[in-house]
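Reader: I am new to this structure and should like to understand the terms used to describe it. May I put some questions to you?

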Amino acid sequence: VGIVGAGLMAAQLALLFAQRLSVPVIMRDLDDERVTQGLAHVHGALDKLVSSGRMPATTADRIRADVHGTTDLDDMAGCDFVIEAVTEILDLKKRVFAELETIVSPTTVLATNTSALSVTRMAADLKHPERVVGLHFFNPVAQMPLVEVIHAERTSIEATATAFAVAKKLRKTAVGVADRPGFVVNRLLVLLLGEIVRAVESGTPVDVADRALRPLGLPMGPFALFDLVGPAVGLHVLTSLREELGDRFARSEGLERIVAEGIKVVQPPVAKGVPADVDPAIQEVFGPAGGPGALDEAGVLDQVLTALTVEIGHMLDEEVVASVSQIDLCMILGAGWPFASGGIA
Ligand code: 3HC
């Protein structure tokens, strides 16, 4: 298995593939420093698994020996399956696949872990676009049981079947999803985040907006989630969905500033396992609280639920998934929506 990229997502994927498929995995990035960092992440995660008693030391040693790093794409020549997890820039991903096509065998499946880009466009200029399939994982990769399998316009039945088979071997639950912006989970999560910041930018205090969704019983608040996925990634998904689907996906100058200036949005959690609260100091980024547009917690919750309901209606019209229960399944397994609630829809 080849992993293109050695960032945080790529390193989590390298560990998972080596652990569950028991095959050699090669991770490639542009320079030695990034490759070394990616490998260090894998080794650190293995050390934690062993010290917490989740993994026998012998298994960790086997995985450590199976995960390799390189700066040379040619080292992927022997891979049967390659997944890319490079920066979310369409042209960059297209270039990676185009280069890979000249190196790997004609039957190698090329998968993308894109968060929101069109898989169809990513494959469009390849000699063999039919081998490209989306395989979208969720953070933290070891803990979230969902994988979205995206069959693009020209994806072959073989590539789709391979993606489902690989997901099963990784012990994930795969849901087939159409190649629509943000697929299922990201489309709904960033819509939710967009509504939260819209409320804040209309005068709702950040801590009120952060607490507003608590009746839903989600595992973490919206700002903690934004922090988990990485503010730059979260903002990128929100921006791409606004470009593709319109102003239902809020534009927020506050979020743009948070990303540009690297402002931390949450406070350190009070104890392990307790979700982090928003840092009230970020109110300043969004402007003063109060005024006629300010909502209370119930008002924010109502606004978010209304937006989600409208969006799910659009998703069903666009046939993003085969049935509404798959949206529930995706939100339970990909975003920790409480099992007892039956999902979101
Ligand atoms: N390997 C395997 N399993 C592990 C593990 C590891 N390294 N570490 C922990 N686990 C297991 C635990 O045993 C536990 O399982 P159990 O419930 O059967 O006992 C489970 O994983 C939860 O672990 P923790 O108790 O350590 O974690 P918390 O209960 O504190 O929950 C969380 C942490 C899973 C992150 C939870 O807060 C959550 O689900 N948050 C929502 C995350 C989310 O929405 N992710 C999607 C973001 S969108 C995205 O990533 C897409 C991208 O394109 C942007």
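Reader: Which residues come nearest to the ligand?

Author: Of the 22 residues around the ligand, those that come nearest are Ser115, His136, Asn139, Gln143 and Asn186. A residue is placed around the ligand if one of its heavy atoms lies within 4 Å of it. Please note that this is a predicted model, in which local features need pLDDT of at least 70 and side-chain atom pairs count only at pLDDT 80 or more, while totals for chains, interfaces and linings use all residues. Residues are numbered from 1 along each chain as its sequence is written, and side-chain values use heavy atoms, with hydrogens and water left out.

Reader: What makes the approach of His136 to an oxygen atom of the ligand a polar contact?

Author: A polar contact is a pair of N or O atoms within 3.5 Å; within protein, one must be able to donate a hydrogen and the other to accept it, and residues adjacent in sequence count only if both atoms are side-chain atoms. A polar side-chain atom of His136 lies 2.7 Å from an oxygen atom of the ligand, so the pair is within the limit of 3.5 Å. For an N or O atom in the side chain of Asn186, the distance to a ligand oxygen is 3.0 Å.

Reader: Why is Thr70 called buried?

Author: Buried means under 20% relative accessible area, exposed over 50%, and partly exposed in between (1.4 Å probe, protein chains only). Thr70 has a relative accessible area of 7% and is therefore buried. Its place is in strand S3, residues 67–70, where strands (E, at least two residues) and helices (H or I, at least four) are DSSP runs numbered from the N terminus. The side chain of Thr70 also makes a polar contact with that of Asp75, at 2.5 Å.

Reader: How do you know that Glu318 and Arg187 form a salt bridge?

Author: A salt bridge is a side-chain nitrogen of Lys or Arg within 4 Å of a carboxyl oxygen of Asp or Glu. The side chains of Glu318 and Arg187 meet at 2.9 Å, N to O, and therefore satisfy that limit of 4 Å. Glu318 lies in the loop between helix H13 (297–317) and H14, and Arg187 in helix H7, so the pair ties together parts that are 131 residues apart in sequence.

Reader: Are these two partners buried or partly exposed?

Author: Arg187 has a relative accessible area of 0% and is therefore buried. Glu318, at 26%, counts as partly exposed.
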